[in-house]
Amino acid sequence: MNTSFKRIFLIVMDSVGIGASPDAVQYGDENADTLGHIAGHRGSLQMPNMGRLGLSNIRKLPGIEEAETPLAHFAKMQEASAGKDTMTGHWELMGLRINAPFRTFPDGFPDELITELKAASGRNIVGNKPASGTGILDELGEHHLRTGDLIVYTSADSVLQIAAHENIVSVEELYRICETARELTKDEKYMVGRVIARPFTGETGSFERTPNRRDYALKPFGRTVMNELKDEDFEVTAIGKITDIYDGEGVTTTLKTTSNMDGMDKLLETMDADFTGLSFLNLVDFDAEYGHRRDPDGYGEALEAFDERLPEVLEKVQDDDLLIITADHGNDPVHHGSDHTREYVPLLVHHPAVKKGMPLPLRETFADVGAAVAENFQVKMPSFGVSFLKDVQKQGGQ
């Protein structure tokens, strides 16, 4: 297997947008700016390592110096698919274009679907609204303990979540209910991206979600670059929720994570391994813990904590490794509109031979990442996306 780089490490900073896309107004996201607004809210962002890579070379950000000799080639990427959710962004990264967006349910799920779920489960349903996973337990956990009613909720993503206490509804029963919900919601009528079982334990005032979460995702509607890699016997290590996002398609190894920092730990473990292929990490806390909860201070602290771990990553990058850092959409915590925001995402591409990173042309689709991965490993190219591999292989961008 002849490859340009033996290993590619792809980090997706979930929801870390870098300014409104040209079509943001169509999504109610005019002037959205996740990184810019967080930095402005806090006065600055202390991310010197992302600065060294070239983050402020993409677009100046308060507190992050523009690098004279960036360690990475850099660009903005624009989403081409219809939507601004996690699955759409990730599927596009691996070469798919989604023209019919997954449905979201800002007012809760239709009565018809709730009636079908009640009949199928034999239980009543409460909630049925967008909510945070911990907030909904604080609000409805005691009710659930008294009645056995299932707690159903959603988010800015195309997701139907069902929460139940493990002493009230067994994990096996909850899984069966979610499998039924998956069957009810996978066609064009509802087009829900993921159904998630959310078991929890504890007592009123101290409920805790357990590790027994299970995701039931739609499969990608076509083959992704990950499928092509796996079929050609390359390693595809999925860290965090990557396996769930692609419903296991094209994955050879799954490493679950509990937090951004655990994700970084798992990434470093893969960097110590001898393999040929792709290590693909999603850092979900930016989105789930801070963007959706409208917490710019917490979001900024999480960005700075990520930045503090980058020297460990850069130390382990070998001569035949490629490191790509990007995002899947925005989630501006101070924006007036919806949770997820239609934004450009940053693209930073580093390898040890880069002496002075150079600007890459604006990427018109996230699928350019998948095209570069496919070209590197000489597998079937996606029908969508333009590879930047040759541009980043030029030493120092010269």
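Strands here are DSSP runs of at least two residues, numbered from the N terminus. Strand β9 covers residues 235-239, and Thr237 sits in it. The model is a predicted one.

Start with Thr237. Its relative accessible area is 6%; buried means under 20%, so Thr237 counts as buried. Its side chain makes a polar contact of 3.0 Å with the side chain of Glu235. Beyond four places in sequence, Thr237 contacts Thr252, Thr253 and Leu255. Thr270, Leu278, Ser279 and Phe280 are also among its contacts.

Now turn to the annotated residues. An unreviewed UniProt entry lists Asp287, His292 and His340 under "binding site". These residues span 54 residues in sequence, yet no two of their C-alpha atoms are more than 8.5 Å apart, so they gather at one spot. Asp287, His292 and His340 all belong to the lining of the largest pocket.

Take Asp287 next. Helix α11, residues 285-291, holds Asp287. Asp287 is buried, at 2% relative accessible area. Setting aside neighbours within four places in sequence, Asp287 is in contact with both His292 and His340. Its other contacts include Asp14, Ser15, Thr86 and Asp157.

His340 lies in a loop instead, between β12 (321-326) and β13 (345-350). His340 is buried too, with 1% relative accessibility. Its side chain reaches the side chain of Asp157 in a polar contact of 3.4 Å. Not counting residues up to four places away in sequence, His340 touches Asp287 and His292. Asp29, Lys84, Asp85 and Ala156 are also among the residues His340 touches. His329 and Asn331 appear among the contacts of Asp287 and among those of His340.

Key
Residues numbered from 1 in each chain as written. Predicted model: local features only at pLDDT ≥ 70, side-chain atom pairs only at ≥ 80, totals over all residues. Heavy atoms only, no water. Helix = DSSP H or I, 4+ residues; strand = E, 2+ residues; numbered from the N terminus. Buried < 20%, exposed > 50% of the residue type's maximum accessible area, 1.4 Å probe, protein only. Polar contact = N/O pair within 3.5 Å; in protein donor to acceptor, adjacent residues only side chain to side chain. Contact = heavy atoms within 4.5 Å. UniProt positions renumbered as here; feature names shortened; annotations may be inferred. 1 Å grid on protein atoms, 1.4 Å probe; cavity = no way out; pocket = protein on both sides within 12 Å on 5 of 7 lines; lining within 4 Å.
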